[in-house]
Amino acid sequence: MATPTGTHSPDAPAGSAAGKAVAGAAAGAAASAAVGAAAARVALVGVHGFGTHHLRNLDRLQAAGAVELVAVADPQPPAAGSVPDSAMVFPRIDELLSATQALDLVIVATPIQTHAPLALAALRTGADLYLEKPPVASLADFDRLCDAAAASGRSVQIGFQSLGSHALQAIENLVAAGTLGTLQGISATGRWVRDRAYYKRSRWAGKRSINGVDVVDGVATNPLAHAVATALRIAGARTTADVASVETELYRANDIESDDTSVIRIRTASGLPITCALTICASESVEPYVTLQGSAGTAVFHYTEDRLTVTTASGTTEETYGREDLTENLLAHRSSGSSLISPLLDSGAFMLVLEAVRTAPLPALIGDAHVRWEGAGEAAHAVVIDIEAALERAGREHATFSELGLPWATSAPCTFSMPAS
């Protein structure tokens, strides 16, 4: 099927130093993995938006001999010089799959609402699949995709790039060692800026659905989805069985269908609270972070930078870690059986959060008295007044905006009806 131009953006500012460092550090590993193994035949579906990141990464991996990009598909032709001359170019995935044989890996980096049909089509070829986040736009589609993956026997990696950070193992070690004392809660805080142009870049931007097809392009499910996914992973919540409850409180300052300022409160099966306080209506963008709240200290993980700060009675330490590239990890899984970093089933906990957002009442509008606009024209962006302090309090107190008594918080927490196990 044809896909609209563009795709979702990762949880990292464009051109961030962290992203460049990750790509550079991974080059040697790709070359090592390629030794003695045939290059994997790869097709990329979606070459614009975040697809451009995959093109750059595949170019690096192809230079190392790890892959061969044999075909791409996108209704909008790729930029000149962005695709190898040897790669075939198609406007639609069905044309690509019918004309391209013996694919080892298909990468799908397209708009959210197209993920399910494109992923299912890719799995029918017998290729492994790299699917960008969020996996799909509903829990029902997630179940269908899990069934299809199991029936095909193929591997599926979900593009939560932050989960490749080596800091996650360091966090697991310090919790196990009791450095923070008893872990009492986890919060994820994200405050970014998105302007009017952001919501005009594609027909699905800021939509809950299009013509009855779920999109769910909200702050927690797309631009700051990594904040939610990273907090869940640190809490040990991977599958649907690892989550006991989800509550949502959704708001919007922009003229959109979906939420741009929200609190998501999760409780794991072990009873640990996770509170995600997120906005794309801040006065300025800052690196999002996940905070571990312990009885004897705290740890703050800036996941776009792989930077971990630990504070205890002994003082404060800070360290920046490396990161494993998820495409390389999938290639290593194919060649040597290495464990996948972000396998499909481990997105189950995140999909419960997405489903809670999808089925929640429409986001409440934040009144004009509590929003100011900065900039002009398409570069203008909404700022919820004092949102920074509100996000900090929500995460620290594990409270929603209405529970904090904020004057614009006219909603109430909505408890998601968990599916039967």
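UniProt, in an unreviewed entry, places the feature "domain: Gfo/Idh/MocA-like oxidoreductase N-terminal" at residues 41–160; such annotations may be inferred rather than shown by experiment. The structure is a predicted model, in which local features need pLDDT of at least 70, side-chain atom pairs count only at pLDDT 80 or more, and totals for chains, interfaces and linings use all residues. Residues are numbered from 1 along each chain as its sequence is written, and side-chain values use heavy atoms, with hydrogens and water left out. In the model, the end C-alpha atoms of residues 41–160 lie 22 Å apart, and the span is 36% helix and 23% strand (DSSP runs: helices H or I, at least four residues; strands E, at least two).

Confidence comes next. The mean pLDDT (the predictor's confidence in each residue, from 0 to 100) is 92 for the chain, and 91% of its residues reach 70 or more. Over residues 1–10, however, pLDDT stays under 50, and over residues 12–36 it is below 50.

Turning to the interior, the largest nonpolar core has 110 residues, and Ile 186, Leu 232, Ile 264, Ile 266 and Phe 350 have the most contacts inside it. Such a core is a set of buried Ala, Val, Leu, Ile, Met, Phe, Trp, Tyr and Cys residues joined through side-chain atoms within 4.5 Å, where buried means under 20% relative accessible area (1.4 Å probe, protein chains only). Helix H9 (residues 348–359) gives the most to this core, with eight residues. A second, separate core of 20 residues includes Leu 391 and Trp 408.

Key
Buried means under 20% relative accessible area, exposed over 50%, partly exposed in between (1.4 Å probe, protein chains only). Contact means heavy atoms within 4.5 Å.
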